[in-house]
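Good morning, and thank you for the opportunity to present. I shall take the structure shown here one sheet at a time, and then turn to the helices.

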Amino acid sequence: MLRPIRTLAAATAVLALVSACNSASMNGSSSGKGGDAPGNSRGVSAGSVKVGGIVSMTSASGYSKKDTDLGAKARYLRANAEGGINGRKIDYLGAEDDGQDPAKNLAAARKLVQQDKVFAVAPMSSVTFSGADFLEQEKVPTFGWGTLPSFCGPKHIYGFNGCLVPTPGGTLNQTWPEGIGRILGGAQGRSVAIIANDSDAGKFGIRTFQQGFASAGFKVSYAKASVPATAVPSDWSAYVKEILASNDGKAPDAVVSVMQTPNNIGLFSALKRSGYQGLLSDPTDYDPGLLAKDATKQALDGVHVLLQFQPFESTDPKMTQFKADIKAAAGGREVPLNMHMLTGYMSADLFVSIAQKAGKDLTVESFQAAAQGFSDTGTLVGDRSEPKGQKDSFGCGALVQLKNGAYEVSVPFKCYEPIPFK
């Protein structure tokens with residue numbers, strides 16, 4: 001019982017400040033009556049369980065995560081074909097569009113809970129999560145990519161690959177520095193420059209990756225959250241000049257961008273025009289759709305992209321299943337795969353997996369009880385375990401490189417030992 005995706009109006013601004021998100025969500029708290037009242041089964045009927053999503057379908061910069069919704073739909077379709085969740089069909093309402101706007105993110109969360117009466121929100125994929133406090137207060141199981149602080153700590157919010165934003169007492173995922181070190185033949189004697197947007201999220205990213213690369217043995221020659229968060233610069237020359245002189249007057253061995261595609265295209269193009277020959281890497285540009293334009297393909301050629309899941313090029317049977325599920329959800333058409341699809345798919349997969357273990361009597365309480373002792377192995381994001389994943393990442397990942405118009409695996413999928421976050 002899958003309903004069409006419904007979108008809100010296009011976004012009018014991009015605002016990824018985590019502090020603003022938290023402020024908006026605190027101000028948007030509702031009745032104070034959580035969904036975890038005794039026997040609560042909001043959105044659950046004898047034959048179905050209602051689920052919705054929140055996704056940045058649109059943004060002011062043109063960046064879109066819309067395929068996250070298709071990925072979730074694909075996983076729910078297969079679950080329904082296999083009998084649903086303990087006999088209940090998943091009634092997926094599709095994803096609300098938050099336009100990367102904190103106010104719209106909160107509004108979408110409120111609509112899904114108060115109007116649509118969903119049992120869970122899966123997926124939630126945006127750089128803003130101002131609806132987090134509301135969803136936690138209402139005790140709505142929520143699943144997404146754990147790149148924001150709200151995925152780390154709350155009892156009802158889960159990252160499909162764990163918590164990727166370390167907290168005191170938590171750990172750091174070392175996939176990126178270990179992978180780049182492997183490509184460069186080792187980290188010792190190698191230098192890296194790390195650049196991010198001037199936002200709370202960007203500053204925190206600089207702090208975490210600076211520690212991670214240093215722990216792996218790199219010299220971190222440059223680490224700044226200096227790029228405007230609300231607009232893509234038209235002139236990157238000042239950033240490039242600083243980066244290329246950061247390693248004691250020389251260029252670093254690697255430049256790591258903790259930014260989204262429009263910024264990466266601008267930065268990497270400017271670095272290449274300057275004659276930079278070192279390694280380029282980012283965590284977002286694994287998307288065959290980006291290759292449709294020659295200018296974009298040229299800007300990203302040679303870039304190593306961090307993945308926290310099995311690459312699409314993998315021969316793992318679970319990747320074969322994923323591809324078949326996406327094709328089915330796309331009406332039998334072959335569609336270019338991207339990481340947003342995987343985000344939606346694995347968010348839905350973790351929800352379905354925990355819900356199955358909750359048993360026939362599906363309530364918020366039974367779901368949470370199942371989550372407390374949940375674990376499985378060999379998934380597309382590695383081994384999973386809760387509630388560990390609400391504090392630590394699952395520690396696995398890979399790197400792929402765009403080369404001559406196609407992606408190639410540069411570092412195979414592997415699980416790395418995390419390090420303590422300081």
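**Two sheets and their helices**

I begin with a single pair of residues: T142 stands opposite I157 in β5. Strand β4, residues 142–144, pairs with β5 in the parallel sense over three bridges. Two strands are said to pair if DSSP finds at least two bridges between them. The strands themselves are DSSP runs (E, at least two residues), as are the helices (H or I, at least four), and both are numbered from the N terminus.

Before I continue, please note that this is a predicted model, in which local features need pLDDT of at least 70 and side-chain atom pairs count only at pLDDT 80 or more, while totals for chains, interfaces and linings use all residues. Residues are numbered from 1 along each chain as its sequence is written, and side-chain values use heavy atoms, with hydrogens and water left out.

The pair just described belongs to an open sheet of five strands with parallel pairing, in the order β2-β1-β3-β4-β5. At its edges are β2 (89–97) and β5 (157–159), each of which pairs on one side only. Neighbouring strands of this sheet are turned by 20 degrees against each other on average, direction ignored. For such angles, axes are lines fitted to C-alpha atoms, for helices over the stretch in contact, and the values run from 0 to 180 degrees between N-to-C directions.

Which helices accompany these strands? Helix α3 (residues 102–115) lies across β1 (48–55), β2 and β3 (120–125), and runs at about 170 degrees to β1. Helix α11 (residues 339–358) packs on the sheet and touches β1, β2, β3, β4 and β5, with its direction at about 155 degrees to that of β3. Contact here means heavy atoms within 4.5 Å.

Helix α11 also has a helical partner. Helix α2 (residues 67–81) packs with α11 at an angle of about 40 degrees, their axes being 6 Å apart. That makes α2 oblique to α11; angles under 35 degrees count as roughly parallel, over 145 as roughly antiparallel, 65 to 115 as roughly perpendicular and the rest as oblique. Among the α2 residues in this contact are L70, A74 and R78, and the α11 residues include Y345, A348 and F351.

Helix α2 packs with α10 (residues 317–329) as well, at about 100 degrees and with the axes 8 Å apart. That makes α2 roughly perpendicular to α10. The contact is made by L70, G71, K73, A74, L77 and R78 of α2 with Q321, D325, I326 and A329 of α10.

I turn now to the disulfides, of which the structure holds two; a disulfide is a pair of cysteine sulfur atoms within 2.5 Å. In one of them, C152 and C163, the sulfur atoms are 2.0 Å apart. C152 lies in the loop between β4 and β5 and C163 in the loop between β5 and β6 (171–172), so this pair ties together parts that are 11 residues apart in sequence.

Finally, the other sheet. Seven strands form an open sheet with mixed pairing, in the order β8-β7-β9-β10-β11-β14-β15. Because β8 (219–227) and β15 (406–415) stand at the edges with a single partner strand each, one side of each is left without a neighbour in the sheet. Within this sheet, β11 (residues 304–307) and β14 (residues 396–403) pair in the antiparallel sense over four bridges, and V305 stands opposite V400 in β14. Helix α5 (residues 175–183) packs on the sheet, touching β9 (254–258), β10 (279–282), β11, β14 and β15.
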